[in-house]
Amino acid sequence: MSRSRVYQWCTWFGEGRTSLGDEPKSGRPKTSTNEENTTRVDELIRCDRRMKIREIALKLEIPKSTVHEIVHDTLWDIGRCLQDGFQKC
């Protein structure tokens with residue numbers, strides 16, 4: 001642990017801070033990974049499972065990183081894919 005970090009903490013606590021945890025962040029909250037977008041991505045994948053993440057992002061007008069997160073963290077459930085199968089549109 002560096003000496004400068006300890007001095008920084010002393011300053012923070014001297015100014016009234018009571019915890020080393022992160023302060024609430026300002027700015028826009030994360031909203032693009034929501035139920036509506038998850039459903040829209042899921043529907044597109046079920047219609048054309050070869051569609052690329054970039055194509056989905058362009059079609060739905062949401063960031064590629066959001067589509068990637070939805071596909072890989074939310075929808076990628078092998079059990080569900082095998083159980084439900086893919087429906088043709």
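**α3 and α4.** I began with the packing of α3 against helix α4 (residues 64-75) in this predicted model, where the two meet at an angle of about 115° and their axes lie 9 Å apart. I noted the handedness next: α3 passes α4 in a right-handed crossing. On the α3 side I listed Ile53, Arg54, Ile56 and Ala57 as the residues making the contact, and on the α4 side Lys64, Val67, His68 and His72. Sorting the residues of the contact of α3 with α4 by class, I entered four as nonpolar, two as polar and two as charged.

**α2 and α3.** I then turned to helix α2 (residues 35-47) and its packing on helix α3 (residues 53-60), for which I recorded an angle of about 125° and axes 11 Å apart. That angle makes α2 oblique to α3, and the crossing of the two is right-handed. The residues I found in this contact are Arg40, Val41, Leu44 and Ile45 from α2, with Ile56, Lys59 and Leu60 from α3. Five of the residues in the contact of α2 with α3 are nonpolar and two are charged, while I could enter no polar one.

**α2 and α4.** For the remaining entry on helix packing, I looked up α2 against α4, whose axes come within 10 Å and cross at roughly 85°. I therefore wrote α2 down as roughly perpendicular to α4. From α2 the contact takes in Asn37, Thr38, Val41, Asp42 and Ile45, and from α4 it takes in Ile70, Val71, Thr74 and Leu75. The class count for α2 with α4 came to five nonpolar, three polar and one charged.

**Salt bridge.** How many salt bridges does the structure hold? I found one, and in it the side chains of Asp42 and Arg46 meet, with an N to O distance of 3.3 Å. Because Asp42 and Arg46 are four residues apart in helix α2, about one helical turn separates them. I added a general remark beside this entry, that side chains of opposite charge can pair when their charged atoms come close. Asp42 also appears in my list for the contact of α2 with α4.

**Annotation.** Last, I checked the record: an unreviewed UniProt entry carries the annotation "domain: HTH iclR-type" over residues 45-72. What is the helix and strand content of the chain over residues 45-72? I read 71% helix and 0% strand there, and I noted that the end C-alpha atoms of this stretch are 12 Å apart.

How values were computed: Residues numbered from 1 in each chain as written. Predicted model: local features only at pLDDT ≥ 70, side-chain atom pairs only at ≥ 80, totals over all residues. Heavy atoms only, no water. UniProt positions renumbered as here; feature names shortened; annotations may be inferred. Axes fitted to C-alpha atoms, helices over the stretch in contact; angles between N-to-C directions. Parallel < 35°, antiparallel > 145°, perpendicular 65-115°, else oblique. Left-handed = near helix turned anticlockwise from the far one by under 90°. Contact = heavy atoms within 4.5 Å. Nonpolar A, V, L, I, M, F, W, Y, C, P; charged D, E, K, R; others polar. Salt bridge = Lys/Arg side-chain N within 4 Å of Asp/Glu carboxyl O.
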